[in-house]
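Dear colleague,

I am handing this structure over to you and would be glad if you kept it open while you read the notes that follow it.

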Amino acid sequence: MSVRHLIPTVLAAILMSATAGVITATPAAADPCGFYETGSDAFYNHCTGDGSNVVIEVEVFGPNYDRCVGPGRTWLGSSSRIQGAHYAGRTC
């Protein structure tokens with residue numbers, strides 16, 4: 001193979017290795033801790049390492065209410081109905 005034919009092959013290899021980091025996909029972001037909404041749903045994600053259950057106050061149109069949630073993500077309802085939720089300061 002002549003040098004003239006080798007140059008495009010070497011350039012292609014250099015370009016492929018330079019862009020390899022750009023092409024890789026990143027993992028999906030984890031659910032945030034606490035209250036969050038998606039397009040149509042409201043959730044509370046209790047992030048804990050000790051397995052505890054906690055009381056959250058769920059804010060709705062009308063009287064708020066308490067709810068006991070375990071570790072991980074809990075569906076609270078439609079995001080059009082739920083205004084927010086926060087840790088009430090106690091376990092259950």
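**Around H46**

H46 touches S52, V54, V69, G70, P71 and G72, where residues up to four places away in sequence are not counted. Please bear in mind throughout that this is a predicted model. H46 has its place in strand β2, which covers residues 41-46, and the side chain of H46 reaches the backbone oxygen of S52 at 3.0 Å. H46 counts as buried because its relative accessible area is 10%, and buried means under 20%.

**The sheet**

The strand that holds H46, β2, belongs to an open sheet of three strands, which has the order β1-β2-β5 and antiparallel pairing. The edge strands of this sheet are β1 and β5, each of which pairs on one side only. Neighbouring strands of the sheet are turned against each other by 25 degrees on average, with direction ignored. As general background, the strands of a sheet pair through backbone hydrogen bonds, and they do so in either a parallel or an antiparallel way. Here, β1 and β2 pair in the antiparallel sense over four bridges.

G34 is found in the edge strand β1, which covers residues 34-37. Once its neighbours within four places in sequence are left aside, G34 is in contact with F43, Y44 and N45. As for the last of these, the C-alpha atoms of G34 and N45 are separated by 4.9 Å, although the two residues are eleven apart along the chain. With a relative accessibility of 14%, G34 counts as buried.

**The aromatic pair and its surroundings**

Further along the pairing of these two strands, Y36 stands opposite F43 in β2. The count of aromatic pairs comes to one. That pair is formed by Y36 and F43, and it is stacked, with 5.4 Å from centre to centre and 20 degrees between the planes. Which of the two partners are buried, and which are exposed? Y36 is buried, since its relative accessibility is 11%, and F43 is buried as well, with a relative accessible area of 9%.

F43 also has a charged group to consider, for the charged end of R73 sits over the ring of F43, at 4.7 Å from the centre of that ring. T74, which is found in strand β5 (residues 72-78), is in contact with A42, F43, Y44, R67 and V69, leaving aside its neighbours within four places in sequence. With a relative accessible area of 14%, T74 is buried. V69 therefore appears in the contacts of T74 and also among the residues that H46 touches.

**Around E59**

The last residue I looked at is E59, which is found in strand β3 (residues 54-60). E59 is partly exposed, because its relative accessible area is 25%, a value that lies between the limits of 20% for buried and 50% for exposed. Not counting residues up to four places away in sequence, E59 touches N64, R81, I82, Q83, G84, A85 and H86. One of these, H86, makes a polar contact through its side chain with the side chain of E59, at 2.9 Å. For I82, the C-alpha atom is separated from that of E59 by 6.1 Å, with their positions 23 residues apart along the chain, counted as the distance apart in sequence.

With kind regards

Key. Residues are numbered from 1 along each chain as its sequence is written. This is a predicted model: local features need pLDDT of at least 70, side-chain atom pairs count only at pLDDT 80 or more; totals for chains, interfaces and linings use all residues. Side-chain values use heavy atoms; hydrogens and water are left out. Buried means under 20% relative accessible area, exposed over 50%, partly exposed in between (1.4 Å probe, protein chains only). Contact means heavy atoms within 4.5 Å. Rings of Phe, Tyr and Trp (its six-membered ring) pair if their centres lie within 6.5 Å; planes under 30 degrees apart count as stacked, over 60 as edge-to-face and the rest as tilted. A charge sits over a ring if NZ of Lys or CZ of Arg is within 6 Å of the ring centre and within 35 degrees of the ring normal. A polar contact is a pair of N or O atoms within 3.5 Å; within protein, one must be able to donate a hydrogen and the other to accept it, and residues adjacent in sequence count only if both atoms are side-chain atoms. Two strands pair if DSSP finds at least two bridges between them. Axes are lines fitted to C-alpha atoms, for helices over the stretch in contact, and angles run from 0 to 180 degrees between N-to-C directions.
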